[in-house]
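Let's take a walk through a protein chain together, starting with a small puzzle and working inwards from there. Have a look at the sequence and the model below before reading on.

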Amino acid sequence: RQGLAGMGAAHAEGVAHLDLSPNNLMIDRAGRVRVMDFGLARLVNRTVEDEDADEIHGTPRYMSPEHFRGGPLDLQTDVFALGLVFYELLVGRPAVPAEGLTGVRKAITSGAFDWTPLSDLGVPGEIASIVRDALSLEKATRFRDAPDMARALDDAMQSRAKPAEGDIAVQFLL
């Protein structure tokens with residue numbers, strides 16, 4: 001939730017991170033999640049010419065389909081990356097197990113994600129649905145931005161009112 005709040009602050013200013021991964025989410029001494037490394041970030045309301053469209057910038061395993069297919073990189077690009085990070089936090093392994101750029105590209109652009117671990121681990125349906133929506137290949141069905149995704153998480157938490165004591169995944173996200 002704290003990571004979503006951090007990205008929400010960036011998104012409120014029209015800034016897309018464009019390189020979100022677990023390595024760019026750090027926990028400070030006070031135990032707060034901090035979003036780091038805005039080196040590839042850009043303002044989404046400003047067109048930026050890419051110097052080398054064939055060169056990959058960022059962490060391929062956490063890129064969106066639009067990174068590989070072409071198209072505008074924007075706040076929804078970050079939402080996709082957040083979905084990949086959430087999946088990994090919940091399951092304990094990356095959503096894209098493929099190796100090499102070709103394998104990663106194929107897995108992401110085809111949406112070949114294994115949803116079985118979410119149910120096997122008892123991740124509540126409301127939370128699994130948030131991850132699925134964030135990882136939608138079509139931007140039209142993806143969350144608009146981090147605050148939109150955060151509202152969905154808040155709604156899911158409220159609907160669960162009090163998570164079961166053994167519901168580690170939900171407690172971790174909170």
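Is D114 buried, partly exposed or exposed? D114 has a relative accessibility of 36%, so it counts as partly exposed. Keep in mind as we go that this is a predicted model.

D114 also has a partner. It forms a salt bridge with R93, and the closest N and O atoms of the two are 3.6 Å apart. This pair ties together distant parts of the chain: R93 belongs to the loop between α3 and α4, D114 to the loop between α4 and α5, and 21 residues separate them. R93 is partly exposed too, because its relative accessibility is 29%.

Let's step back for the overall layout. The protein chain has 8 helices and 4 strands. Reading from the N terminus, you meet them in the order α-β-β-β-β-α-α-α-α-α-α-α. The protein chain has 174 residues, of which 42% count as buried. Now take the contacts with a separation of 6 or more: 65% of them come from residues 24 or more positions apart.

So what's on the inside? In soluble globular proteins, nonpolar side chains tend to be buried together. Here, the largest nonpolar core has 42 residues, and those with the most contacts inside it are L4, L84, F113, L118 and M149. The elements that give two or more residues to this core are α1 (2-12), α3, α4, α6 (125-134) and α7. The biggest giver is α3, with 10 residues.

L118 is a good place to see what contacts look like from one residue's point of view. Leaving aside its neighbours within four places in sequence, L118 is in contact with Y87, L90, V91, V123 and A128.

F113 is worth a stop as well, since we can follow its ring to other rings. The whole structure holds 3 aromatic pairs. In one of these, F80 and F113 sit 6.2 Å apart, centre to centre, with 50 degrees between the planes, a tilted arrangement. F80 lies in helix α3 (residues 75-91) and F113 in the loop between α4 (100-110) and α5 (116-120), so this pair, 33 residues apart, links distant parts of the chain. Both F80 and F113 are buried. F113 also pairs with W115, this time edge-to-face, at 5.9 Å centre to centre and 65 degrees between the planes. Why do both of these count as buried? The cut-off is under 20% relative accessible area; F113 comes in at 9%, and W115 passes as well, with 19%. Taken together, ring pairs link F80, Y87, F113 and W115 into a cluster.

Next, head to helix α7, the home of M149. This helix covers residues 146-160, and because each of its 15 residues is taken at 1.5 Å, it should span 21 Å; the end C-alpha atoms are 21 Å apart, which agrees. Its buried residues are A146, D148, M149, A150, A152, L153, A156 and M157.

D148 is on that list, and its surroundings deserve a look. At the start of α7, a side-chain oxygen of D145 comes within 2.9 Å of the backbone nitrogen of D148. D148 also forms a salt bridge with R144, where the closest N and O atoms are 3.8 Å apart. D148 counts as buried because its relative accessibility is 16%, whereas R144 counts as exposed because its value is 52%.

Another acidic residue tucked away from the surface is E66, in helix α2 (residues 65-69). E66 has a relative accessible area of 8%, so it is buried. Its side chain is joined to that of R142 by a polar contact of 2.8 Å. Not counting residues up to four places away in sequence, E66 touches G71, P72, L73, Q76, T77, K139 and R142.

To finish, back to salt bridges. The count comes to 9. One of them joins D28 and R34, whose closest N and O atoms are 2.9 Å apart. R34 is partly exposed, because its relative accessible area is 36%. With R32 added, D28 and R34 belong to a network of salt bridges.

Methods:
Residues numbered from 1 in each chain as written. Predicted model: local features only at pLDDT ≥ 70, side-chain atom pairs only at ≥ 80, totals over all residues. Heavy atoms only, no water. Phe/Tyr/Trp six-rings, centres within 6.5 Å; stacked < 30°, edge-to-face > 60°. Buried < 20%, exposed > 50% of the residue type's maximum accessible area, 1.4 Å probe, protein only. Expected span 1.5 Å × (residues − 1). Polar contact = N/O pair within 3.5 Å; in protein donor to acceptor, adjacent residues only side chain to side chain. Core = buried A, V, L, I, M, F, W, Y, C linked by side-chain atoms within 4.5 Å. Contact = heavy atoms within 4.5 Å. Salt bridge = Lys/Arg side-chain N within 4 Å of Asp/Glu carboxyl O.
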